[in-house]
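Open the model in your viewer and keep the selection box at hand. The stops below say what to select next and what is there.

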Amino acid sequence: MSTATLNINLAALADNWRDLDSRTGCETAAVVKADGYGLGAGVVARALAGAGARSFFVAVAEEGVILRKALGEGPAISVFSGHMAGDTEMIRDAGLTPMLNSVDQMLRHVEGLPGHPFGLQLDTGMNRLGMEAAEWDAVRELALGQNPRLVMSHLACADTPEHEMNARQLARFHEMTDGIDAPRSLAATGGILLGPEYHFDLTRPGVGLYGGLPFVDARPVVTLDVPVIQVRDVAPGETVGYANAWTADTPSRIATISAGYADGIIRAMGPNAALHAGSTGVPVVGRISMDLIGVDVTALGSDPETLQLIGAHQSVDTVAGFAGTIGYEILTSLGARYRRVYAQ
């Protein structure tokens, strides 16, 4: 194979859902937006349904349509972006539940799909999606009278447990929702780990299912093995890659591997990145280009057939650190050219 192999451990994914579910006394949903965090929404959703998940969240209605085809009737599929103009037929035909974010969305939904299920999203301080307090106060009784399936908000700083914003948003959510009959939801992965006061009636883990931080106890879900196309000797003073970005100080053995920024290996990680041959780390040299990366394999003593970027010796969050980003970006950037292999 000339393309990298992305191995996806569905058993680990299911175990991560079960672990997070065991930490709560409420329903545990699963977030499978962005094509299941880059791993294939239909495949991962079916694995999560097999583990016990009955509610799923996506970012936009189009993702919900794809997921409905994969899951069939039965599971609830909620849409974070709510009911956008042009979404009405998709929401109706796929049986989606939009999380309404504004008065305009609520009017669009009630007028376009009277009696169709919906949820409500409130802004408790993140200033991203959801109704702010004044807007909520104006429509609260009307909205609750339509029997929403869920009232939710989203934590801005749950990955930092000691951050004061967590307690502030929790208090605000109580102020905005205490006394209502509808189920409530505040916690994603980080919120689950903050403790039971954040759990309410439903939690919505996302990145933790896929092995990412802040769920440090997660089982790894992905490994990424990249084939070596060619290996060459580079003499002292010779350079590798675009712009002569790396110069050999000593006789070096350089492997060129079949992946690049077109495959989601972010160009900025180049000077800091490493791959592994077994337990031995080998550094990237030169610039990461669109389809190719140079790696110094001198220390191995023999030429490898593949090198591993993500796996037992290097987590997705470690790789993210090479580029000064987060595991979410690495996962959701994993390239379409990879050969995906699913293990049960």
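Rings of Phe, Tyr and Trp (its six-membered ring) pair if their centres lie within 6.5 Å. By that rule, ring pairs in this predicted model link Tyr 37, Tyr 210 and Tyr 328 into a cluster.

**Stop 1: the aromatic rings**

Select the three tyrosines of the cluster, Tyr 37, Tyr 210 and Tyr 328. The structure holds 4 aromatic pairs. One of them is Tyr 37 with Tyr 210, a stacked pair with 4.5 Å from centre to centre and 20 degrees between the planes. The two rings come from distant parts of the chain, 173 residues apart: Tyr 37 sits in helix 2 (residues 33–37), and Tyr 210 in the loop between strand 10 (202–203) and strand 11 (222–234). Both Tyr 37 and Tyr 210 are buried.

Next, select Phe 173 and Phe 200. How are these two rings arranged, stacked or edge-to-face? Their planes stand at 85 degrees, with the centres 5.0 Å apart, so the pair is edge-to-face; the cut-off for that class is over 60 degrees. Phe 173 belongs to helix 8 (residues 164–177), while Phe 200 lies in the loop between helix 9 (189–194) and strand 10, 27 residues apart. Phe 173 has a relative accessible area of 0% and is buried. Phe 200, at 17%, is buried too, because buried means under 20%.

**Stop 2: the largest pocket**

Keep Tyr 328 selected and add Lys 33, Arg 128, His 154 and Ala 188. These five lie nearest the centre of the largest pocket, which is lined by 25 residues. The volume of this pocket is about 520 Å³. Which helix gives the most to the lining? Helix 9 does, with 3 residues. Helix 2 and helix 9 each supply at least two residues of the lining.

**Stop 3: the parallel sheet**

Switch to a cartoon view and find the open sheet. Its 7 strands run in the order 3-4-5-6-7-8-9, with parallel pairing. At the edges are strand 3 (30–31) and strand 9 (184–185), each of which pairs on one side only. Strand 8 (residues 151–152) is joined to strand 9 by 2 bridges. To see a bridge partner, select Met 152 and look across to Ser 185 in strand 9.

Then move to strand 6 (residues 97–100) and select Thr 97. Its relative accessibility is 7%, so Thr 97 counts as buried. Beyond its sequence neighbours within four places, Thr 97 is in contact with Ile 77, Ser 78, Val 79, Pro 117, Phe 118, Gly 119 and Arg 149.

**Stop 4: His 276**

Select His 276, in strand 15 (residues 274–277). With a relative accessible area of 13%, His 276 is buried. Leaving out residues up to four places away in sequence, His 276 touches Gly 281, Val 282, Leu 307, Gln 308, His 313 and Gln 314. Now add Ala 312: its C-alpha atom is separated from that of His 276 by 9.5 Å, and the two residues are 36 apart along the chain.

**Stop 5: cysteines**

Finally, select Cys 26 and Cys 157. Cys 26 counts as buried at 16% relative accessibility, and Cys 157 is buried at 19%. How many disulfides does a search of the whole structure find? The count is 0.

Notes
Residues are numbered from 1 along each chain as its sequence is written. This is a predicted model: local features need pLDDT of at least 70, side-chain atom pairs count only at pLDDT 80 or more; totals for chains, interfaces and linings use all residues. Side-chain values use heavy atoms; hydrogens and water are left out. Helices (H or I, at least four residues) and strands (E, at least two) are DSSP runs, numbered from the N terminus. Buried means under 20% relative accessible area, exposed over 50%, partly exposed in between (1.4 Å probe, protein chains only). Contact means heavy atoms within 4.5 Å. A disulfide is a pair of cysteine sulfur atoms within 2.5 Å. Two strands pair if DSSP finds at least two bridges between them. Rings of Phe, Tyr and Trp (its six-membered ring) pair if their centres lie within 6.5 Å; planes under 30 degrees apart count as stacked, over 60 as edge-to-face and the rest as tilted. On a 1 Å grid over the protein atoms alone, a cavity is a set of points where a 1.4 Å probe fits but cannot get out, and a pocket is an open set with protein on both sides within 12 Å along at least five of seven lines; lining residues have an atom within 4 Å of a point. Grid points are joined across faces, edges and corners, and a volume is the space filled by probe spheres set on the points.
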